[in-house]
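Biologist: I'm new to reading structures, and I'd like to understand the words people use for them. Could we go through one together?

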Amino acid sequence: KHKFWETQPVGQFKDLGDSSLPEGPIEPPTPLSEVKQEPYNLPNLYEWTTCDIDSDETCTEVYNLLTNNYVEDDENMFRFNYSKEFLRWALRPPGYFKSWHIGVRAKVSKKLVAFITGVPAKIRVCDEVVKMTEINFLCVHKKLRSKRLAPVMIKEVTRRVHLENIWQAAYTAGVVLPTPIATCQYWHRSLNPKKLIDVGFSRLGPRMTMSRTIKLYKLPEKTLTPGFRKMELHDVPAVTRLLRDYLSQFLVAPDFDEDDVEHWLLPTENVVDSYLVESPETHEITDFCSFYTLPSTILGNQNYSTLKAAYSYYNVSTKTPLLQLMNDALIVAKRKDYDVFNALDIMQNEPLLKELKFGPGDGQLHYYLYNYRIRHTLKPSELGLVLL
Ligand code: YNC
Ligand code: MG
């Protein structure tokens, strides 16, 4: 059934529930000299390219490929529209490898037709911190689908990751593959209900009018928590301590150091927003919340072309209740003119979502590890990892 995935070192469906299999790497590393030195073969009309995301021209090509061919919802009403600034952020974390930003071009026209990326990350699985790559932005042009190009892309990124002596990966997908470590759900909180209904993102509830709906989702103009402010560079050490401590309770979570926090959580306009609570008395940093910006193109609507969406990222509560912190994040997002605030049911989110008037989305997000077996499927609440 999975002609490619059956050949890969991933948990297989037939092994689900077999507790005799050991936890940890499925295959041991091979000596670097035994890693294939040449790229995998592509169909004759195509060639590999390493995408220099620093180059405006290349970044625009990647942006255009994804804008027209990347992930859509099940009904093909919306397509992710990652911005160039977002791509640069997502693809250049501390220690990134240019060689892991991989494209495929048509040999004659040089048109970019496929893409896949890896970035390095340290991810803790139970009590082991493992050097991994996070794989993202796998995309094949619509006209080249179902030609088995994706397995070649995956093998090539795997080869280039192996050349850096890294043997594990983490990734998420909307499709079921062998085999998820967890299956999560997106929830959506309307900020601009009228637009969301107009574009078909949501529907008017039973016995609801538009004006009652607008009132239902109304938020205060100002955040409620005293000492709530934007994160700044000098907060990096405090936020790192807070986050490391908080993430230690989850079975799978990133192992962030200060450089990672500076890159992933320091606010970047229209890419990532981070706020924290500084105690007005002690000036201690007690709580933290963040979201990233990922608009979607609205396909085939007369009146609107993009949906501005915020995605809940990492949140930490020690003093301020998480509910209040998330509510302040909603207030900020509303003030910044986002249409919807999305969150997964991971970490401690689930109980808050209903209370904050999020509604469950359709479709699921599956989390995967490559070449690392875990004994049990995780509950979403045991996951402390957000991939972009
Ligand atoms: C997917 N999303 O099952 P089998 S998520 C992984 N992730 O293989 P073909 C996928 N595998 O089942 P198409 C996948 N989607 O026969 C499909 N597959 O064993 C598998 N969509 O290949 C599929 N982006 O080329 C099958 O299919 C085989 O032409 C079929 O191409 C697929 O970024 C795709 O959703 C997704 O652009 C490129 O449909 C195309 O359909 C497309 O005939 C729209 O492929 C955009 C989209 C996916 C977003 C993402 C995470 C990717 C993770 C990849 C796996 C990484 C493994 C770890 C590598 C590093 C290891 C180390 C160390
Ligand atoms: Mg294909």
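**Two domains, two helices, one loop residue**

Modeller: Happily! The domain assignment of this protein gives domain 1 (5-171) and domain 2 (183-382), with bounds that come from an automatic or database domain assignment. This is a predicted model: local features need pLDDT of at least 70, side-chain atom pairs count only at pLDDT 80 or more, and totals for chains, interfaces and linings use all residues. Residues are numbered from 1 along each chain as its sequence is written, while chains are lettered from A and ligands numbered from 1 in the order in which they are written.

Biologist: How many residues does the contact take from domain 1 and from domain 2?

Modeller: The contact takes 39 residues from domain 1 and 33 from domain 2, where contact means that two C-beta atoms, placed from the backbone, lie within 7 Å. The C-alpha centres of the two domains lie 26 Å apart.

Biologist: Which element gives the largest share of the side of domain 1 that touches domain 2?

Modeller: That is β4, with 5 residues. Strands like this one are DSSP runs of E, at least two residues long, and helices are runs of H or I, at least four, numbered from the N terminus.

Biologist: Why are α6 and α7 called roughly perpendicular to each other?

Modeller: Let's look at the angle. The axes of α6 (residues 236-247) and α7 (residues 258-265) come within 9 Å and cross at roughly 100°. Axes are lines fitted to C-alpha atoms, for helices over the stretch in contact, and angles run from 0 to 180 degrees between N-to-C directions. Angles of 65 to 115 degrees count as roughly perpendicular, under 35 as roughly parallel, over 145 as roughly antiparallel and the rest as oblique. The two helices are therefore roughly perpendicular.

Biologist: Which residues of α6 and α7 make the contact?

Modeller: Val236, Pro237, Val239, Thr240 and Leu243 come from α6, and Glu258, Val261, Glu262 and Leu265 from α7.

Biologist: What makes Gln348 partly exposed?

Modeller: Count its neighbours! Gln348 has 18 other C-beta atoms within 10 Å. A residue is buried with 20 or more, exposed with 12 or fewer, and partly exposed in between, with C-beta atoms placed from the backbone. Gln348 is therefore partly exposed.

Biologist: And where does Gln348 lie?

Modeller: Gln348 lies in the loop between β16 (340-344) and α9 (350-355). Leaving aside neighbours within four places in sequence, Gln348 is in contact with Leu322 and Ser381.
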